[in-house]
Amino acid sequence: MRLAAAEKIKKAASLPDLEALRISYLGKKGELTAVLKQMGGLSPEERPAAGQLANEIRATIEELIAARQKKFKEKEKSKRLVSEAIDVTLPGKSSPIGHKHPISIVLDEVTDLFIGMGFSVASGPEVELDYYNFEALNIPPGHPARDTQDTFYITDKVLLRTQTSPVQIRYMENNKPPIRIISPGRVYRSDSVDATHSPLFHQIEGLVVDKGITMGDLKACLEAIAKGIFGGGTKIRLRPHHFPFTEPSCEVDVSCFRCGGSGCPMCKYEGWIEVLGAGMVHPKVLKNGGINPDEYSGFAFGVGLERITLFRFRIDDMRLLFENDVRFLSQF
Ligand code: PHE
């Protein structure tokens with residue numbers, strides 16, 4: 001039996017085969033078990049020798065099976081090591097990484113320029129009180145300037161801010177001069193969508209308040225920023241204008257960065273491109289912000305962020321900035 005078992009174990013082709021063999025010898029109804037059961041029929045003298053032999057055979061069979069099992073397991077392991085191997089030299093699959101939207105790129109550039117000049121960044125709510133958006137900015141109820149800002153009203157007193165200028169008042173209420181802030185953010189006007197208009201757009205407000213601030217400071221500051229955004233050769237031009245919250249007020253043009261001022265389709269052959277509104281903070285506005293206009297003066301400005309993004313990247317339609325088509329956005 002020992003020899004036959006050894007032969008069969010050697011030929012077993014798999015782990016389940018081995019298990020079947022083990023059961024056929026050592027299981028409850030196995031061959032060896034049957035032999036052990038018959039030992040009761042032997043004489044007391046024959047029993048010890050027969051018992052010893054049976055035990056030896058059992059031990060041999062168990063050992064052989066264990067050894068063979070080990071071999072099968074090792075083989076399986078090395079097979080798995082081969083089949084599950086990873087070739088670390090294969091090129092990886094790259095997952096696409098997004099990048100900043102052109103509006104964010106320009107906003108970050110502009111913010112860096114201002115921070116370099118000692119400004120800090122402030123913010124205010126997009127859902128704003130009529131008081132901050134209009135009244136405190138010297139635009140009382142019924143003032144014609146309200147008609148030019150097609151406002152989304154929520155109630156008589158609450159609206160979506162039409163400009164970032166309300167942050168001027170909110171900041172002055174809570175901070176003493178010297179003040180040097182910019183405040184970028186979303187603003188809303190009931191405009192129809194076209195190549196140069198959107199009901200939601202972004203502005204960057206600027207406010208500087210200190211003793212002895214003049215229009216010269218305003219001009220020098222904006223010139224430095226214009227050169228930073230549009231290049232070192234850029235010139236600026238101030239044209240008289242009117243805003244209720246600045247006095248005097250101006251509109252600021254930059255020399256066309258495409259033709260340098262000689263005239264081209266970009267600047268509509270004027271040599272200049274209008275980029276922002278600005279002026280000296282109106283004494284009433286300083287007062288509304290809790291600052292004494294006899295002691296302090298300041299300047300403020302407001303830039304349309306979409307407009308300068310379009311110029312900066314030579315994009316000719318504002319809608320492209322809002323449609324979020326990746327074929328367009330991936331170019332920046
Ligand atoms: N808030 C003005 C606008 O939206 C821009 C501006 C800001 C003008 C600050 C002067 C000073 O048109």
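User: Over the ring of which residue does the charged end of Arg170 sit?
Analyst: The model is predicted, so that local features need pLDDT of at least 70 and side-chain atom pairs count only at pLDDT 80 or more, while totals for chains, interfaces and linings use all residues. Residues are numbered from 1 along each chain as its sequence is written, and side-chain values use heavy atoms, with hydrogens and water left out. A charge sits over a ring if NZ of Lys or CZ of Arg is within 6 Å of the ring centre and within 35 degrees of the ring normal. The charged end of Arg170 is 4.0 Å from the centre of the ring in question, that of Tyr132.

User: At what distance from the ring centre does Arg312 lie over the face of Phe313?
Analyst: This is another placement of an arginine over an aromatic face, with Phe313 supplying the ring. The distance of Arg312 from the ring centre is 4.9 Å.

User: Why is the pair of Phe114 and Phe301 stacked, tilted or edge-to-face?
Analyst: Rings of Phe, Tyr and Trp (its six-membered ring) pair if their centres lie within 6.5 Å; planes under 30 degrees apart count as stacked, over 60 as edge-to-face and the rest as tilted. The whole structure holds nine aromatic pairs. For Phe114 and Phe301 the centres are 5.5 Å apart and the planes stand at 15 degrees, so the pair is stacked.

User: How many residues apart are Phe114 and Phe301?
Analyst: Helices (H or I, at least four residues) and strands (E, at least two) are DSSP runs, numbered from the N terminus. Phe114 belongs to helix α5 (residues 102–116) and Phe301 to strand β9 (residues 297–304), so the pair links distant parts of the chain. Their separation is 187 residues.

User: Is His282 buried or exposed?
Analyst: His282 is found in the loop between β8 (272–281) and α9 (283–288). Buried means under 20% relative accessible area, exposed over 50%, and partly exposed in between (1.4 Å probe, protein chains only). With a relative accessible area of 18%, His282 is buried.

User: Which side chain has an N or O atom 2.9 Å from a nitrogen atom of the ligand?
Analyst: A residue is near the ligand if one of its heavy atoms lies within 4 Å of it; of the 14 residues around the ligand, Gln163, Ser165, Arg189, Gln203 and Gly302 come nearest. Oxygen atoms of the ligand lie 3.0 Å from an N or O atom in the side chain of Arg189 and 2.9 Å from a polar side-chain atom of Gln203. The side chain at 2.9 Å from a ligand nitrogen is that of Ser165.

Notes: Polar contact = N/O pair within 3.5 Å; in protein donor to acceptor, adjacent residues only side chain to side chain.
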